[in-house]
Amino acid sequence: VNYLVIRMEKQKYLLIFNIILVLIHVVAITIGGLLDNVLVSLGLLSLFAGIAYGVFGFWIMAKIGVNLYNLYISVLRAVFYCLPSIFVVVVSRLYFDLSPIIYIVISFFVATITFFVMIFSEQSLRKPVGILFKKIVSR
């Protein structure tokens with residue numbers, strides 16, 4: 001996303017976005033520190049940074065001409081594609097007593113498989129990715 005903003009010569013918006021991200025980090029860490037709970041910090045940071053990246057990403061896609069409705073449908077399909085992989089990771093966590101590194105390896109492989117299934121099975125996902133790469137290459 002940062003590269004696209006630079007290529008579009010919209011660095012002012014990238015600066016504003018990064019300032020928002022720094023504020024999110026500071027607030028999340030402060031709240032977690034006040035509550036003496038690292039998990040609260042990580043949860044707040046993940047939630048609000050994810051929302052910020054999502055909004056900024058949708059804005060960038062709108063600026064390069066991607067249909068936002070189709071992009072929204074693609075994101076929803078991606079979420080549904082991820083549900084089985086989330087199920088595998090949760091079940092392995094609940095029913096098997098494995099070391100944390102094994103869970104990380106399982107998560108990595110499941111996420112990689114899910115990514116390739118999404119990209120290769122959805123024409124609607126290939127099209128925005130193709131538009132994105134064409135915009136990057138053409139500049």
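## The loop between α2 and α3

Let's start with D36, which sits in the loop between α2 and α3. This is a predicted model, and in it D36 has a positive phi of about 55° even though this residue is not a glycine. What makes that worth a second look? Most residues other than glycine have a negative phi.

Is D36 buried or exposed? Its relative accessibility is 73%, and because the cut-off for exposed is over 50%, D36 counts as exposed.

## Helix α2, just before the loop

Helix α2 covers residues 11-34, and D36 with its positive phi follows this helix. How does the length of α2 compare with what you'd expect at 1.5 Å a residue? The 24 residues should span 34 Å, and the end C-alpha atoms of α2 are 34 Å apart, so the two values agree.

Which residues of α2 are buried? They are L14, F17, L21, I24, A28 and G32. Look at the numbering as you read along that list, and keep one rule in mind. An α-helix has 3.6 residues a turn, so residues three or four places apart point the same way.

## Across the loop: S41 and W59 in α3

On the other side of the loop is α3, residues 38-63. S41 is placed in this helix. With a relative accessibility of 12%, S41 counts as buried, because the cut-off for that is under 20%.

What does S41 touch, leaving aside its neighbours within four places in sequence? It is in contact with A28, I29, G32 and G33. There is a polar link too: the side chain of S41 reaches the backbone nitrogen of G32 at 3.5 Å. G32 itself is on the list of buried residues of α2.

W59 is also found in helix α3. At 26% relative accessibility, W59 counts as partly exposed. Along the chain, W59 and K134 are 75 residues apart, and their C-alpha atoms are separated by 18 Å.

## The nonpolar core

The largest nonpolar core has 17 residues. Which of them have the most contacts inside it? Those are F17, L21, F56, M61 and I64. Two elements, α2 and α3, give two or more residues to this core, and α3 gives the most, with six residues.

I64 is a nice one to click on in the structure. Leaving aside neighbours within four places in sequence, I64 is in contact with M8, L132 and K135.

## V5, at the start of the chain

V5 has its place in helix α1, residues 2-7. How buried is V5? Its relative accessible area is 0%, so V5 is buried. Not counting residues up to four places away in sequence, V5 touches K10, Q11, L14, F56 and I60. One of these, F56, is among the residues with the most contacts inside the largest nonpolar core. V5 and P128 are 123 residues apart in sequence, with 17 Å between their C-alpha atoms.

## Helix α4 and its bend

Helix α4 runs over residues 68-95. Its 28 residues should span 40 Å at 1.5 Å a residue, and because the end C-alpha atoms are 40 Å apart, expectation and model agree. At the N-terminal end, N67 acts as a cap: a side-chain oxygen of N67 lies 2.9 Å from the backbone nitrogen of Y69. Where does α4 bend? The bend is at L83, by about 30°, and a proline, P84, follows within four residues.

The buried residues of α4 are L71, S74, A78, S85 and S92. Take S85 and I86, both of them in α4. S85 has a relative accessible area of 11%, so it is buried, whereas I86, at 46% relative accessibility, counts as partly exposed. Not counting residues up to four places away in sequence, S85 touches V110 and T114. I86 and F115 are 29 residues apart along the chain, and their C-alpha atoms are separated by 13 Å.

## How far to trust it

The mean pLDDT of the protein is 84, and 94% of its residues reach 70 or more. Where is confidence lowest, and where is it highest? It is lowest in α1, at a mean of 68, and highest in α2, at 91. Where pLDDT is low, the predicted coordinates should not be read in detail. Keep that in mind when you look at V5, as its place is in α1.

How values were computed:
Residues numbered from 1 in each chain as written. Predicted model: local features only at pLDDT ≥ 70, side-chain atom pairs only at ≥ 80, totals over all residues. Heavy atoms only, no water. Expected span 1.5 Å × (residues − 1). Bend = angle between axes of the 7 residues up to and from the residue. Buried < 20%, exposed > 50% of the residue type's maximum accessible area, 1.4 Å probe, protein only. Polar contact = N/O pair within 3.5 Å; in protein donor to acceptor, adjacent residues only side chain to side chain. Contact = heavy atoms within 4.5 Å. pLDDT = per-residue confidence, 0-100. Core = buried A, V, L, I, M, F, W, Y, C linked by side-chain atoms within 4.5 Å.
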